[in-house]
Amino acid sequence: MKKYFNLLTLFGAFLMSALLLTACDNDNDDYPEGGRSGSSAIIGEWANIEYGNNGRRMFMEMVDFKRNGTFTSVSYYAEGKNLDSDNATISSIEKETSSGTYTVSRGVITLTANGETWEKEYSLKSNRLIIYDEDGDIYYDAVTDEIEEMFDKMEQRYRTLNNNSGGDNNGGDNNGGDNNGGDNNGGEIVSNALIGEWIKVEINSQQNAYMEIYTFKNNSTYTLAVYNIYGRDLESGNGLLASADKKVTSGKYKVIDDRQMTLTDSNGKTRSIAYKVDDLSFKISDGTYYLMTNEFRNNFVDPVERAYQATFGNNSGGFDNNLVGEWVVIKITTKRNATIEKTTFKSDGTFIDEEYAVFGNDLYNNWVLTSADKQVSYGKYRTANGMVTIMGDDGTAGAIPYKVDGNTIIMSNGSNSITLHRMNDEYRSYFDAAEKAYKATHKN
C-alpha cells in the first residue's frame, strides 16, 4: 500500500495504475536466476492485491497481457473495515482502467499508455512476476479461479455502491480506456454492467424444472451452466428434489454496444444477441436472468448443485444396485416390423443401450429376421427417491419414476409406462437373432 500511495502522489492515479500494470506484466528474456525467458511467458493475466492501515484499505489490480502486444488493466482501491478478512465491510470503492502496448527485452518491460512510456526491470519465476522499483519491489501472481472470483465480487460491489449499470468512465482514458466497459485500442470490449452471475429458474411441471446461470468475467470470458431438475410436486414450493443433471459451456463474449453483444463458444461458434442489462436483470431472447443474490444461491443453486453431485458427482454410489444387470424390452409393431432394446446398467453408474429395428415376415408367430438396424448409446445413471436420472453422452437427459419388481423394471411417467425384463435365456435368443441379422445386413 505504501507504494500505491507513493505512485499516486507522484504520478496521479491513472499513471500509477499503468505503472503497476507494467510491473505486473514483466516477461524476462534474460533472467540469470532461473526466471522464465521469452516474451510469450508474460502473456496472460496477473494480479497484485495489497492491504493497508490494519485492514481499512485494499488495492487490487489485474493486468492482461495479450499475445498481440497490447494490454488492459483494471484496478480497485477500497476503504472499509476488516478488508483483509472474511468479515470485510466496504464503505467506498474507486476503480480505474487503462490499456496500451508493451514490449519485453532482456529483463526490461516497456509499457506505453496515454502517450507516455515507462521502463522497469522485472523477473518472472514460476507463477510470480516481480517488478523492481527503487521504492520497493512489486509482486504479481498468475490469476487463479479464486483470484478471479475476488475481482468479480469487487466489481459487483463497485457497481452496487456507485449505482453503475453501464461502463466505467471515471478514471479511464478516451483512447483505449474503458468506455462502456470497452477497450478501443486493440483489446476486447468488456461491459462492467455484465460482470457477475445471472440466474434464471423455470418450473415446467410438478416433476421437472430448469435453471441456467450465466457468469460473465472481467477477462471477456463467460460460462453457462444449465441444470435439468427432477423431483415431485416442484410447483408447490414444498416439493421433493430428487436429482439433477448439469451441462456447462464456456467461451468469449464481446460487447458491441449497450444493446448488442456476441458469444463465441469453445468450439468457435459465434452468435450475435440483443441484450439489455440493469442493476438487477439481464435480458436476452432466451429470457430474463436476475443478478445472483444470497437468496437465489441458498434457495436454488446450492440445493440443485447438491442434487447434481448426488446424482452424477460420485461414480461409486448414488444408484440402486437392483438395477445392475441386463434388461430387455421387445415391441412388435406389425408382423413385419419390431424393436428390441437391451439396456445394461453397470455397477459403476454407467449404462449401455443397444436398440435394434428388426424386420421379418411373421414376427407375431416366429422370430425369423430378414434384416436389422442398430443404434448404441452410452451414458451415466443415478437414482434417488424412487426416480432414475439418465444422462447420455450426447448431453440428453431425463428422469422418471421407476420400480424394480423381481425380474422386471416398471418405468412410468404419467400415462406412459414401459416394462423391462431381466435378461434370461429366452430373451437372449431374441437378442442374439437381432445381432446376427444386423451383422448380415451390414456385412459389406
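## Terms and overall make-up

A residue counts as buried under 20% relative accessible area, as exposed over 50%, and as partly exposed in between. By that scale phenylalanine 296, with a relative accessible area of 23%, is partly exposed.

The model described here is predicted. Its secondary structure comes to five helices and 27 strands. Of the 444 residues in the protein, 45% are buried. The exposed surface comes to about 22100 Å², and carbon and sulfur atoms supply 44% of it. Among contacts between residues at least 6 apart in sequence, 52% join residues that are at least 24 apart.

## The eight-stranded barrel

Strands β1 to β8 close into a barrel, following the order β1-β2-β3-β4-β5-β6-β7-β8 with antiparallel pairing. On average, neighbouring strands of this sheet are turned by 35° against each other, with direction ignored. Helix α3, residues 145-162, packs on the sheet. The strands that α3 touches are β1 (44-52), β2 (57-65), β3, β4 and β8 (138-142). The direction of α3 makes about 125° with that of β4.

Within the barrel, β3 (residues 70-81) and β4 (residues 89-105) run antiparallel and are joined by 12 bridges. In this pairing serine 75 stands opposite glutamate 96 of β4.

## Strands β21 to β24

Farther along the chain, β21 (residues 337-345) pairs with β22 (residues 350-360) in the antiparallel sense, over nine bridges. Phenylalanine 345 has phenylalanine 351 of β22 opposite it. The hairpin of β21 and β22 has four residues between the strands, and glycine 349 there takes a positive phi near 85°. Strand β22 also pairs with β23 (residues 369-384), again in the antiparallel sense, and this pairing covers 11 bridges. Here the bridge partner of phenylalanine 359 is serine 371 in β23.

Threonine 389 is found in the strand β24, residues 387-392. Is threonine 389 buried or exposed? Its relative accessibility is 0%, so threonine 389 counts as buried. Neighbours within four places in sequence left aside, threonine 389 is in contact with Tyr230, Ser243, Thr311, Phe312, Lys380, Tyr381, Arg382, Gly398 and Ala399.

## Aromatic pairs

The structure holds 19 aromatic pairs. One of them is formed by phenylalanine 65 and tyrosine 102, with ring centres 4.7 Å apart and planes at 75°; the pair is therefore edge-to-face. Because phenylalanine 65 lies in strand β2 and tyrosine 102 in strand β4, the pair ties together parts that are 37 residues apart in sequence. Both partners fall below the 20% limit for buried residues: phenylalanine 65 is at 1% relative accessibility, and tyrosine 102 has a relative accessible area of 9%.

Phenylalanine 296 and phenylalanine 300 form another aromatic pair, which is tilted, at 6.1 Å centre to centre and 40° between the planes. The two residues are four apart in helix α4 (residues 294-313), so about one helical turn separates them. Phenylalanine 296 is partly exposed at 23%, and phenylalanine 300 is also partly exposed, with a relative accessible area of 32%.

## Aromatic cluster and nonpolar cores

One aromatic cluster is formed by Trp198, Tyr214, Phe216, Tyr222, Tyr253, Tyr275, Phe282 and Tyr289. Some of these residues recur in the largest nonpolar core, which has 20 residues. Which residues have the most contacts inside this core? They are Leu194, Tyr214, Phe216, Tyr253, Met261 and Phe282. Two or more residues each come from β12 (208-216), β13 (221-232), β14 (240-255), β15 (260-265), β18 (281-284) and β19 (287-291). Strand β13 gives the most to this core, with three residues.

Methionine 261 is one of the residues with the most contacts inside the core. Leaving aside neighbours within four places in sequence, methionine 261 is in contact with Leu194, Phe216, Tyr253, Lys254, Val255, Ile256, Arg271, Ser272, Ile273, Tyr275 and Phe282. Another core lies apart from the largest one and has 18 residues, among them Ala41, Ile109, Ala113 and Ile138.

Notes:
Residues numbered from 1 in each chain as written. Predicted model: local features only at pLDDT ≥ 70, side-chain atom pairs only at ≥ 80, totals over all residues. Heavy atoms only, no water. Pairing = 2+ DSSP bridges. Axes fitted to C-alpha atoms, helices over the stretch in contact; angles between N-to-C directions. Contact = heavy atoms within 4.5 Å. Phe/Tyr/Trp six-rings, centres within 6.5 Å; stacked < 30°, edge-to-face > 60°. Buried < 20%, exposed > 50% of the residue type's maximum accessible area, 1.4 Å probe, protein only. Areas by Shrake-Rupley, 256 points an atom, 1.4 Å probe, with all protein chains shown as cover. Core = buried A, V, L, I, M, F, W, Y, C linked by side-chain atoms within 4.5 Å.
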